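Colleague: I'm new to reading models like this one. Could you walk me through it, feature by feature?

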Amino acid sequence: MADRDFSKQRKGLVAMDGAMALIVLLVIVQIWLLSAALEGLLAGHTETALPAAIFSGLLFLCCVALTSFVGRVDRESREE
Amino acid sequence: MGDSGSERERLMHGYEFYVDPSRCIGCQSCLNACEECETHRGQSMINFDFIDRKGTTASAAFVCWHCDEPTCAMVCPADAIKKGDDGVVQSSLKPRCIGCSNCVLACPFGIPKIFPEREQMMKCDMCYDRTSIGKRPMCATVCPSQALAYVRPEQIAWRPEKPSNVFYFGKQRITTKVYVMVPANTESISLDVLDHIWEEAYAVLPEA
Amino acid sequence: MPFFRKPDSEALWKEEFSIHAADERYVSRRQFTKFLTLASLGMFVGNLWILARSYFTRSAVFPRSMVAGIGEIPVGGVKLFAYPTAADHCILVRTAENEYNAFSQKCTHLSCAVYYEKETNRLACPCHHGYFSAMDGSVLQGPPPRRLPRILLERQGQEFVAIGVKVR
């Protein structure tokens with residue numbers, strides 16, 4: 001269990017922080033999409049449901065991509 | 001691995017810890033100096049041994065060896081012992097330690113001390129508040145014979161003994177941050193603890 | 001989910017409870033990111049549920065209910081009635097000789113009852129001075145956000161029958 005590369009670790013942290021901030025923004029947008037779709041459904045406007053679901057799905061895929069990026073940064077920081 | 005070795009050196013300001021038990025004169029200055037630290041006032045973290053009290057005045061003072069793969073950290077169930085980027089193994093974190101003494105049993109050198117009244121393990125952390133800013137640990141500062149020395153590698157080079165940080169416990173190889181001074185032609189210290197367990201002499205072994 | 005991990009990587013517990021102090025920052029960030037992705041999945045599933053519900057809502061079946069006779073109210077007069085249930089108050093306005101408009105009486109702002117202003121031919125809400133057109137219920141002035149729901153009328157012989165509610 002030798003020591004890690006510290007400059008890489010520090011850079012990795014910055015990258016992780018950036019990815020996390022982005023994910024937080026995406027989740028906030030998703031929350032808004034969900035509330036808008038629900039409002040539409042309750043008011044009887046069914047046309048809001050489909051685009052909201054599609055965009056929510058796209059945002060979720062972006063979150064998954066960012067999470068796997070974070071995992072990659074994390075794994076690379078452990079490389080010896 | 002990049003520049004982690006030189007990064008470690010940079011964080012420790014270029015110093016290394018050298019232990020030479022043959023130089024110990026038994027004055028126990030290290031014990032008294034260590035006791036003065038506020039975080040554990042009255043309790044010394046030095047492991048001080050009389051080698052054979054009945055037969056000789058020889059003594060040896062040891063600090064934590066700050067192993068590269070610290071067994072105490074690896075067996076801690078509460079994840080209370082951490083090793084820093086500079087290689088110093090910290091004493092147990094107060095909020096996490098549960099006083100189970102797993103580390104006390106696991107350490108091959110017998111360094112961690114359990115304090116049951118506090119439900120806490122405490123051990124030498126190389127006076128991290130001092131060494132992190134380039135000062136020497138208390139014990140190395142006061143040792144009159146420099147059995148415990150905290151100097152740059154070139155300052156220890158004049159000694160006939162050479163530093164080694166490889167230990168063998170049976171088949172297990174342990175490398176440490178703290179160096180022990182060994183005779184010039186010795187590569188590493190090998191300790192077969194089983195040979196020295198007194199129970200061996202008195203145990204009733206099953207018929208082989 | 002062990003199949004997501006590389007076979008040669010360390011055991012997960014060793015990574016998550018690392019003995020290196022520096023790793024704690026990574027572990028907490030990684031865990032938070034995973035949690036956020038889970039939340040994102042939750043939102044997406046919620047949207048899918050709403051989508052599914054929107055396909056399965058049945059269009060409401062409205063009862064038929066007699067409102068008024070053909071000459072019952074004068075021009076510029078009103079009749080209050082309840083449709084589809086007794087709790088839904090509605091207002092029928094005869095704006096011209098052959099022009100009958102029926103709307104829900106609940107103001108779309110905060111549900112106060114609207115009344116007919118004959119001089120300006122509009123439905124007024126006294127609570128916060130909201131005004132709706134008596135012709136199509138659209139908002140002319142004031143805080144109401146939406147138009148008044150229209151009650152669909154059908155002429156059945158000499159009577160007007162309410163057959164549905166049109167919200168939009």
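Colleague: Let's start small. Where is the place of B:D79 in chain B?

Modeller: B:D79 sits in the loop between helix 3 (71–75) and helix 4 (102–106) of chain B. Helices (H or I, at least four residues) and strands (E, at least two) are DSSP runs, numbered from the N terminus. One caution early on: this is a predicted model, where local features need pLDDT of at least 70, side-chain atom pairs count only at pLDDT 80 or more, and totals for chains, interfaces and linings use all residues. As for labels, residues are numbered from 1 along each chain as its sequence is written, while chains are lettered from A and ligands numbered from 1 in the order in which they are written.

Colleague: Got it. What is the phi of B:D79 near?

Modeller: General idea first: most residues other than glycine have a negative phi, and most peptide bonds are trans. Phi of B:D79 is near 55 degrees, a positive value in a residue other than glycine. B:C127 also has a positive phi, near 45 degrees, and lies in the loop between strand 5 (120–122) and helix 5 (128–131) of chain B.

Colleague: And which peptide bond is cis?

Modeller: The one from C:Y83 to C:P84 is cis, with omega near -5 degrees. C:P84 belongs to the loop between strand 2 (78–82) and strand 3 (89–96) of chain C.

Colleague: Back to B:C127: is it buried or exposed, and why?

Modeller: Count neighbours. A residue is buried if 20 or more other C-beta atoms (placed from the backbone) lie within 10 Å of its own, exposed if 12 or fewer, and partly exposed in between. B:C127 is buried because 23 other C-beta atoms lie within 10 Å. B:D79 has 17, so that residue is partly exposed. C:V61 has 7, so that one is exposed. You'll find C:V61 in the loop between helix 2 (23–56) and strand 1 (65–69) of chain C.

Colleague: Does a helix have a way to check its length? What should helix 2 of chain C span?

Modeller: The expected span is 1.5 Å times one less than the number of residues. Helix 2 of chain C has 34 residues, so it should span 50 Å, and its end C-alpha atoms are 50 Å apart, which agrees.

Colleague: Which residues of that helix are buried?

Modeller: An α-helix has 3.6 residues a turn, so residues three or four places apart point the same way. In helix 2 of chain C, the buried ones include C:Y26, C:R30, C:T33 and C:T37.

Colleague: Now sheets. What is the strand order in the open sheet of chain C?

Modeller: Strands of a sheet pair through backbone hydrogen bonds, either parallel or antiparallel. Here four strands run in the order 5-6-7-8, with antiparallel pairing. Strand 5 (115–117) and strand 8 (139–141) are the edges, each pairing on one side only. Two strands pair if DSSP finds at least two bridges between them; strand 6 (residues 122–125) and strand 7 (residues 130–133) of chain C have four. In strand 7, C:Y131 is the bridge partner of C:A124.

Colleague: Last one: how many residues of chain C are in contact with chain B?

Modeller: Two residues are in contact if their C-beta atoms, placed from the backbone, lie within 7 Å. Five residues of chain C are in contact with nine of chain B.
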